[in-house]
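Welcome! Have a look at the protein shown here, and then we will walk through some of its helices, loops and buried residues together.

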Amino acid sequence: MARDLKYTRNIGIMAHIDAGKTTTSERILFYTGKTHKIGETHEGAATMDWMVQEQERGITITSAATTAFWNYKGNQYQINLIDTPGHVDFTVEVERSLRVLDGAVATFCAVGGVEPQSETVWRQADKYNVPRIGYVNKMDRTGADFLAVCAQIKEHFGATALPVVLPIGSEDKFEGLVDLIYNNAIYYYDDKTVRDNFELKEIPAFMKEEAAEWRAKLIEEVAATDDALMEKFFEDPDSITPDELIAAIRTATINMTLVPMMCGSSFHNKGVQKLLDYIMAFLPSPLDVPAVEGINPKTDETEKRESSVNEPFCGLAFKIATDPFVGRLAFIRLYSGALDAGSYVYNARSGKRERISRIYQMHANKQNPMERVEAGDICAAIGFKEIRTGDTLTAENAPIVLEQMTFPEPVIGLAVEPKTQKDLDKLGIALAKLAEEDPTFTVRTDEESGQTIISGMGELHLDIIVDRLRREFGVEINQGAPQVNYKEALTQTVQHREVFKKQTGGRGKFADIIFEIGPADEGVSGLQFVDEVKGGNVPKEYIPAVQKGFESAMANGALAGYTIDSMKVTLKDGSFHPVDSDQLSFEICARNGFRVAAPKAGSVIMEPVMNVEVVTPEENMGDIIGDLNKRRGQIQGMESKGTARVIKARVPLSEMFGYVTVLRTISSGRATSSMEFSHFEEVPANLAKEIIEKSSGKRKDLE
């Protein structure tokens, strides 16, 4: 019998690093009966952080997926839960999880409030229209302030953060919650062995007034979103029942007009059961979210797929992982139809049919085999010969392509080489597997030095990759110093004529082209190629070769050999030789022409610039700003957060290597920083000269 999708919740826990996402996930697993003992992040025993590197560092690196069940109001709900990383280097993990989730729990630290990475994940959730509820964790810590965090969310995101509970006490006196919807108090006792470690009581006398005030605000705010409630509110606010409130909050949460706010202390097991209840109450089921839209590749028409078993199968592969025991796992979110083990699916990107040999329900890195999964579910499947993150899988007779996921480009590189000949083959296989798993990790070979260059989103990202190479794949490597992934760009348009002649015994080589080269039109990436040749001066069959020549030349810029992201080439005219001209001649001619013309077209070097945020005690502010200025930083703004000061700046990545150590020294270990990629910017002339000189040894002749 098909499960009622109304009782399914696909949710993720998203937050800044150290807000307690994994600890909250562990408590959810314990209270839903999925685990029998609570795993602690700081002891390296968290179930969801199953990678060795995660346990050692106490951070989440890959999004772990698990399925659990929770009873709420007499119904059993299935939760597909994804615990996402908080560190900016693994932002792709958050992005691809949010793409397939129906709802999210945005977790905040009761002391830190809205932190830089919480802003990033909030924006990502907005991008994919993911409804969310807020959970303010760590209410037991010194300086915890639930209502201040709610106010910060309003201020930073313009979201209506609506407290549905109030904390009873805070810091070491945090005892429980006042539930504003049911108008009662829940007292928790810190016992890690029982699942019902709470009791319902009356609201304590010292909080009655505050609770009444906030309950009135809650009713007014909720009534404003619902006409029927608004009428009742004007007649008699007290006549509105808890069930009516819950129904209205649910509707307002799903259409993203409200963000219900909860609080608790996951580490001390306080508030998690109420959070689970309200996840079921407020967050959408697969039936509540709009039907997914895609393009039919045969007709190019937009089509919809409803969340129903009766529709044709359609799913999105949102993550690829390599498991040492079962091989390559593809995590799939089913949007419509059903998937049976042993059946065939169609991959819209590769145009191939693939057989799914087995399907699993995931629990972190353990798998429970399944015979069939249905719309609205998340599962892992094996058997794919060729699959990438973001591929749409469909029924063969009803193809559809869902919107592709876009990933940021890697900004930092590292040269690696195997220590022994034996490691050489292993390194190639391992890097290919890691690149398949992680779209923000790329591998290339530097053609001049023959070195293998791996690129990622930050120093920590590459650290983890190198660590995984050693442990998971048993490859011993030597590594170079991290280096910035610069780019090149053209700033003006010039015209150039290139003639390529080579005479050998017998047939020679000849090509002649006149072209304009310069920056691409706004919003265009890659090569923008315009053919304006009249009268067959360059025969039609040679024009794709000219285009190919310019395309391949973009991989090695004319200044320092860095890639060019976009440029525009207009082929104006040219000539050919009836015997000596061929496609290769025109391709080489285009490459040579690019090398001569690009420097005249105002070639510049572009560098990645990072958004940097430093939280520091006031007395260290001057020194930190002075240090950022020395690093070519531009201060964007300063604000207060409690007793600390927050400095926001934009700084070139090349100036930020080893910054954490310097910051610790300046502030005696009291300041913290976070950074994420902002944009590419032109390098000042004096530095560009240095970069060109350094890379001149790398230049190579393409002929």
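A residue is called buried when under 20% of its relative accessible area is left, exposed when the value is over 50%, and partly exposed in between, using a 1.4 Å probe and protein chains only. Helices (H or I, at least four residues) and strands (E, at least two) are DSSP runs, numbered from the N terminus.

This is a predicted model, in which local features need pLDDT of at least 70 and side-chain atom pairs count only at pLDDT 80 or more, while totals for chains, interfaces and linings use all residues. Residues are numbered from 1 along each chain as its sequence is written, and side-chain values use heavy atoms, with hydrogens and water left out.

**The whole protein**

The protein has 16 helices and 38 strands. Of its 703 residues, 54% count as buried. Contact here means heavy atoms within 4.5 Å. Among contacts between residues at least 6 apart in sequence, 72% join residues at least 24 apart.

**A helix with many buried residues**

Helix 11 covers residues 459-471. Its buried residues are L460, H461, L462, I464, I465, V466, D467, R468 and L469. How far apart are the end C-alpha atoms of helix 11? They are 18 Å apart, which agrees with the span that its 13 residues should have at 1.5 Å a residue. The expected span is 1.5 Å times one less than the number of residues.

**Two pairs of packed helices**

Two packed helices are described by the angle between their axes and the distance between the axes. The axes are lines fitted to C-alpha atoms, for helices over the stretch in contact, and angles run from 0 to 180 degrees between N-to-C directions. Angles under 35 degrees count as roughly parallel, over 145 as roughly antiparallel, 65 to 115 as roughly perpendicular, and the rest as oblique.

Helix 6 (residues 208-223) and helix 8 (residues 242-254) have axes that come within 10 Å and cross at roughly 55 degrees. The two are therefore oblique to each other. On the helix 6 side, R215, L218, I219 and V222 make the contact, and helix 8 brings L245, A248 and I249. These contact residues divide into six nonpolar, no polar and one charged. Ala, Val, Leu, Ile, Met, Phe, Trp, Tyr, Cys and Pro count as nonpolar, Asp, Glu, Lys and Arg as charged, and the others, Gly among them, as polar.

Helix 14 and helix 15 (residues 659-667) pack at an angle of about 150 degrees, with axes 10 Å apart. That makes helix 14 roughly antiparallel to helix 15. Here D623, I624, D627 and L628 of helix 14 meet Y659, V662, L663 and I666 of helix 15. The residues of this contact divide into six nonpolar, no polar and two charged.

**Residues in loops**

L283 sits in the loop between helix 9 (272-282) and strand 12 (292-295). Is L283 buried or exposed? Its relative accessibility is 0%, so L283 counts as buried. The C-alpha atoms of L283 and D102 are 7.7 Å apart, although 181 residues separate them along the chain. Leaving aside neighbours within four places in sequence, the contacts of L283 include R9, I11, P131 and Y278.

Two other loop residues have a positive phi without being glycine:

| Residue | Phi | Loop | Relative accessibility |
|---|---|---|---|
| N129 | near 50 degrees | between helix 4 (116-127) and strand 5 (132-137) | 56%, exposed |
| R632 | about 65 degrees | between helix 14 (621-630) and strand 36 (634-641) | 26%, partly exposed |
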